[in-house]
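Please take me through this model in a viewer, one selection at a time. Tell me what to pick at each stop and what is found there.

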Amino acid sequence: MSKVQISMEIFPPKKDIEFSSAFPVAKELSEIEPDFISVTYGAGGSRAGSTIEIASYIQNELHIPAMAHLTCVGCTGSDIEKLCREFEKNNISNVLALRGDRPKDMSDEQYASREFTYAANLVDFLKSHTDFEIWGACYPEKHFESFSKEADLMHMKEKQDRGVSQFITQLFFDNDFFYEFREKAARKGITAPIHAGIMPITSAGQIGRSISLSGSSVPKALSDIIANYGENPEDMYKAGIDYAIRQCADLLENGVDGLHIYTMNKPDVAKQIVKNIALQRTKQP
């Protein structure tokens, strides 16, 4: 029997005044004993220092493997190299290589002439300048900028060939999309483990923000939950967590490599999910 990895994502708050709140969140998540905790990164490196500080705390104080997100859309090679040296100083050796979202203040000219066009270019740079374990992102329902699912898979295979060792998916709410995606990826020769990204929906307003950011579709079962409980925060909270638990349980039963929970900095949600799927944390080889 092989162990299924269970991991979490947290993010540095956007306001400096709220920055310290990330540390208690990380401490609570560490009590779950996840296989790793990832720390997000602002567009164009806007919160790079915060990412490093929080990831260092996770890695060196909590003794949980930390994964630092690293975006390249607004960076030069020199910028990336300086960040990598900071990661190394803080014993951070796992990096999620991302292109990242275009910064709002980036002109069309700057965007067109950026040094790193795609995440694959960042992977090349990391492979030649570091000894990091490089992770990549993938999209069960297609990246919103991609021409097709086939093109997405080609980019995923390219990232694997250039050095990505494991993948984490964008959030999705319908497991059938994931199973179809996983099957097509295997046919493309993608052998790297694929960790399923799961975002628990605990409020009606959260679903709109999630869709606008990810482009994920909402299955009828989840839309019914929102229709039935959306105006009752307590019931919506419980129903949303239950949906995520059932989604995770189904993924475990179908041989998922890992579950990556987008916690939205709510450790209580992650704790409930992990507690309920603990008995299914192993899978048949």
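Begin with Thr71: its bridge partner in β5 is Leu98. The model is a predicted one, and the tour starts at this pair of strands. Select β4 and β5 together; they run parallel and are joined by five bridges. Now add α3, which packs on the sheet and touches both β4 and β5. The direction of α3 makes about 170° with that of β4.

**The barrel**

Widen the selection to the strands from β2 to β9. Eight strands close into a barrel here, in the order β2-β3-β4-β5-β6-β7-β8-β9, with parallel pairing. From one strand to the next, the twist averages 30°. As background, the strands of a sheet pair through backbone hydrogen bonds, either parallel or antiparallel.

Go next to β2, residues 5-10. How many of the six residues of β2 are buried? Five are, so β2 is largely enclosed by the rest of the structure. On one side, β2 pairs with β9 (residues 258-262) in the parallel sense over five bridges. To see a point on this pairing, pick Gln5, which stands opposite Gly258 in β9. β2 is also joined to β3 (residues 36-39) by four bridges, and these two strands run parallel. Met8 is the residue to pick for this pairing, as it stands opposite Ile37 in β3.

Move on to β6, residues 133-138. Five of the six residues of β6 are buried, so this strand is largely enclosed by the rest of the structure. β6 has β5 as a partner, in the parallel sense and over four bridges. Select Asn94 to find its bridge partner in β6, Glu133. β6 also pairs with β7 (residues 166-169), again in the parallel sense and over four bridges. In that pairing, Gly136 stands opposite Phe167 in β7.

**Helix α5 and the cores**

Select α5, residues 119-129. Which residues of α5 are buried? They are Ala119, Ala120, Leu122, Val123, Phe125 and Leu126. Among the elements that cover them are the strands β4 (66-71), β5 (94-98) and β6 (133-138). The helices α3 (77-89) and α6 (149-162) are also part of that cover.

Keep Leu126 selected and show its surroundings. Apart from neighbours within four places in sequence, Leu126 is in contact with Leu70, Ile80, Cys84, Val95, Ala97, Phe132 and Ile134. Leu126 also belongs to the largest nonpolar core, which has 69 residues. Within this core, the residues that touch the most other members are Ile10, Ile58, Leu70, Ile80, Leu126, Leu251 and Ile273. Helix α10 (residues 233-253) supplies the largest share of the core, six residues. There is also a second, separate core of 19 residues; Leu96, Ile168, Phe173 and Ile201 are included in it.

**A glutamine in α10**

Stay with α10 and select Gln247, which is found in this helix. Is Gln247 buried or exposed? With a relative accessible area of 5%, Gln247 is buried. Leaving aside neighbours within four places in sequence, its contacts are Phe172, Phe173, Asp174, Asn175 and Ile198.

**Two helices side by side**

Now select α1 (residues 22-30) and α11 (residues 267-277). Two packed helices are described by the angle between their axes and the distance between the axes. The axes of α1 and α11 come within 9 Å and cross at roughly 10°. Angles under 35 degrees count as roughly parallel, and that makes α1 roughly parallel to α11. Show side chains where the helices meet: Val25, Glu28 and Leu29 in α1 meet Pro267, Ala270 and Lys271 in α11. The residues of this contact divide into four nonpolar, no polar and two charged.

**Two loop residues**

The last stops concern backbone angles. Most residues other than glycine have a negative phi. Select His63, in the loop between α2 (48-61) and β4. The phi of His63 is near 60°, a positive value in a residue other than glycine. His63 is exposed, with a relative accessible area of 61%.

Finish at Asn265, in the loop between β9 and α11. Phi of Asn265 is near 60°, a positive value for a residue other than glycine. Is Asn265 buried or exposed? At 17% relative accessibility, Asn265 counts as buried.

Technical notes:
Residues numbered from 1 in each chain as written. Predicted model: local features only at pLDDT ≥ 70, side-chain atom pairs only at ≥ 80, totals over all residues. Heavy atoms only, no water. Axes fitted to C-alpha atoms, helices over the stretch in contact; angles between N-to-C directions. Parallel < 35°, antiparallel > 145°, perpendicular 65-115°, else oblique. Contact = heavy atoms within 4.5 Å. Nonpolar A, V, L, I, M, F, W, Y, C, P; charged D, E, K, R; others polar. Core = buried A, V, L, I, M, F, W, Y, C linked by side-chain atoms within 4.5 Å. Buried < 20%, exposed > 50% of the residue type's maximum accessible area, 1.4 Å probe, protein only. Pairing = 2+ DSSP bridges.
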